[in-house]
Amino acid sequence: MTKRALSMVLPAALSLGIVLSGCGSDAGSPDNAPDPGAAGDKVAGEITVWGHPYVGDDKKEQLKAFWNDTIAAFKQKYPDVKVNYEEIPWKNREQKILTALAAGSGPDVFYQLPDQIPQFAGNNALEPLDAYSKDIQTDDFSKGALAGATYQGKLYALPILQEVQTLIYNPDLIKAIGEDPAKLPTTWDEFDRWAEKAKAQGLYARNFEGGAGCCNATLYPLLWQSGGNVVDDAGSIILNNDKGVQAFEYVKKMYDNGWIPKDSISNDNQFPEFLSGKMLAVWGQGSTLTTLKAQKKPYVIGPPLKKEKQASFGTVGMFVVSKTSKNKAAAVEFAKFLTSTDTAKAFNKLTGYLPVRKSAGDIYSGDQDMKEFMKYADLTIPGISHPAARGFMPKIQAELGAMLEGKKTPKQAADAAAEALKLDAKK
């Protein structure tokens with residue numbers, strides 16, 4: 001999901017896309033023959049749904065109850081459908097799904113993130129949902145969520161959750177550097193002034209696991225804030241244009257000035273520095289607050305920063321239907337039911353994520369923290385939309401590491417990363 005531990009897709013998994021491209025249903029039937037499960041088909045039969053451990057161990061039984069209740073409610077509406085639910089680990093999930101689909105034994109409905117949609121849809125592994133969208137009420141979804149579910153003009157997924165990632169500050173340390181927790185930085189320049197004050201107090205300004213952490217939580221937000229991006233609307237690599245180089249330069253500036261730890265080259269978890277009171281701010285989301293609350297640590301949620309544009313990362317979680325499903329009608333109806341207002345409310349309330357439906361926006365009316373996150377939901381970007389997006393990250397991480405080690409200048413690192421990405425994009 002959105003945890004740092006989510007694995008990058010491996011070359012072996014990517015290569016399975018070649019197999020999947022030939023696994024669409026009715027491959028040998030006439031071109032004008034309808035796909036099984038097309039809109040209007042009878043909703044009956046058996047489907048398999050794959051999900052993940054969306055909560056910690058403390059809520060495992062509650063999540064199990066959610067799925068049991070949801071399947072039972074769906075059964076009342078569609079008594080002729082049997083739903084089998086299976087939870088699979090986050091780790092290596094892409095390989096597991098791709099392998100199962102290629103073998104014809106995969107799920108009918110499964111979970112995806114926006115940067116996975118181009119890869120799976122491009123490999124003909126997902127069923128387009130436009131033909132089924134009449135009663136989906138797509139205008140009830142946030143624009144960002146719907147954009148993440150769409151690829152090349154086609155709707156491939158139904159969103160159920162979103163998150164907002166931003167800087168979370170220690171208010172005691174803010175006071176220690178002579179600033180006001182009620183007046184948090186909103187720009188790079190303002191944050192830089194705080195960073196210098198933090199350094200003078202022997203503190204780090206923030207975490208930045210640049211050489212090992214997921215780019216969604218490291219470089220990408222800075223890239224978007226600088227006005228840059230990894231790809232343009234046409235899919236061309238623009239990582240090393242002037243705005244992109246500016247983001248690399250800012251990372252190097254933070255490192256050279258001692259605002260981020262020296263182990264930013266290799267450490268993939270600097271959160272303990274924040275927990276121990278040695279770091280002014282940490283990059284986090286709703287699950288970060290859960291830990292802080294459990295350990296009775298003070299915190300205050302900061303707005304996404306801005307250089308040219310105020311922006312941040314916030315993934316969108318979605319459910320898709322397999323192109324190889326033998327029961328698409330039932331699979332689509334279950335995906336609709338699962339992402340409907342009432343079911344999505346229950347899911348998000350349990351998991352601590354934000355709703356993507358406007359009609360579900362009241363679930364956190366009494367929770368000030370979640371209301372604060374929701375203020376920034378429209379400023380979030382759900383990732384890079386490109387079939388090779390997951391493969392981009394290790395290349396960028398490697399160049400960030402080389403830059404922080406002093407082996408390359410920011411311009412050289414950005415250029416090298418861009419060249420590596422262009423090779424990936426051609427495959």
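**Exercise 1. Determine the strand order and the pairing sense of the three-strand sheet, and identify what packs on it.**

*Solution.* The sheet is open, has the order E8-E7-E9, and is paired in the antiparallel sense. Helices (H or I, at least four residues) and strands (E, at least two) are DSSP runs, numbered from the N terminus, and two strands pair if DSSP finds at least two bridges between them. The model is predicted: local features need pLDDT of at least 70 and side-chain atom pairs count only at pLDDT 80 or more, whereas totals for chains, interfaces and linings use all residues. Residues are numbered from 1 along each chain as its sequence is written, and side-chain values use heavy atoms, with hydrogens and water left out.

Step 1. Locate the edges: strand E8 (281–284) and strand E9 (300–301) each pair on one side only.

Step 2. Examine one pairing. Strand E7 (residues 166–169) is joined to E8 by four antiparallel bridges, and Leu 167 stands opposite Trp 283 in E8.

Step 3. Add the helix. Helix H11 (residues 286–294) packs on this sheet and touches E7, E8 and E9; contact means heavy atoms within 4.5 Å. The direction of H11 makes about 15° with that of E7, where axes are lines fitted to C-alpha atoms, for helices over the stretch in contact, and angles run from 0 to 180 degrees between N-to-C directions.

**Exercise 2. Establish the order of the five-strand sheet and explain why one side of each edge strand is left without a neighbour.**

*Solution.* Step 1. The order is E2-E1-E3-E11-E6, in an open sheet with mixed pairing.

Step 2. E2 and strand E6 (158–162) stand at the edges with a single partner strand each, so one side of each has no neighbour in the sheet. On average, neighbouring strands are turned by 25° against each other, direction ignored.

Step 3. Follow the pairs. Strand E1 (residues 45–51) and strand E2 (residues 81–87) are parallel and share seven bridges. The path from E1 to E2 passes through helix H2 (residues 60–77), and this β-α-β crossover is right-handed; that is, with the strands pointing away from the viewer, the path from the first strand over the helix to the second runs clockwise. Within this pair, Glu 46 has Lys 82 of E2 as its bridge partner, and Thr 48 has Asn 84 of E2. E1 also runs parallel to strand E3 (residues 109–112), with two bridges between them; here Trp 50 stands opposite Phe 110 in E3.

Step 4. Place the helices. H2 lies across E2 and strand E11 (316–321), at about 165° to E2. Helix H3 (residues 93–102) packs on the sheet against E1, E2 and E3, its direction making about 155° with that of E1.

**Exercise 3. Describe the length of helix H9 and what covers its buried residues.**

*Solution.* Step 1. Helix H9 (residues 242–256) has 15 residues and reaches 21 Å from its first C-alpha to its last, close to the 21 Å expected at 1.5 Å a residue; the expected span is 1.5 Å times one less than the number of residues.

Step 2. Its buried residues include Val 245, Phe 248, Val 251 and Tyr 255. Buried means under 20% relative accessible area, exposed over 50%, and partly exposed in between (1.4 Å probe, protein chains only).

Step 3. Among the elements covering them are helix H7 (188–200), helix H8 (219–225), helix H15 (389–404) and helix H16 (410–426). Just after H9, Gly 258 takes a positive phi of about 75°.

**Exercise 4. Is Asn 216 buried or exposed, and which residues does it contact?**

*Solution.* Step 1. Asn 216 lies in the loop between H7 and H8.

Step 2. With a relative accessible area of 8%, Asn 216 is buried.

Step 3. Neighbours within four places in sequence set aside, the contacts of Asn 216 include Asp 115, Gln 165, Trp 283 and Met 393.

**Exercise 5. Identify the loop that holds Asn 124 and Gln 137, and state their phi values.**

*Solution.* Step 1. Asn 124 is in the loop between helix H4 (117–122) and helix H5 (143–148); Gln 137 is also in the loop between H4 and H5.

Step 2. Asn 124 has a positive phi of about 60° although it is not a glycine, and Gln 137 likewise has a positive phi of about 60° without being a glycine. Most residues other than glycine have a negative phi.

Step 3. Asn 124 is partly exposed, at a relative accessible area of 29%.
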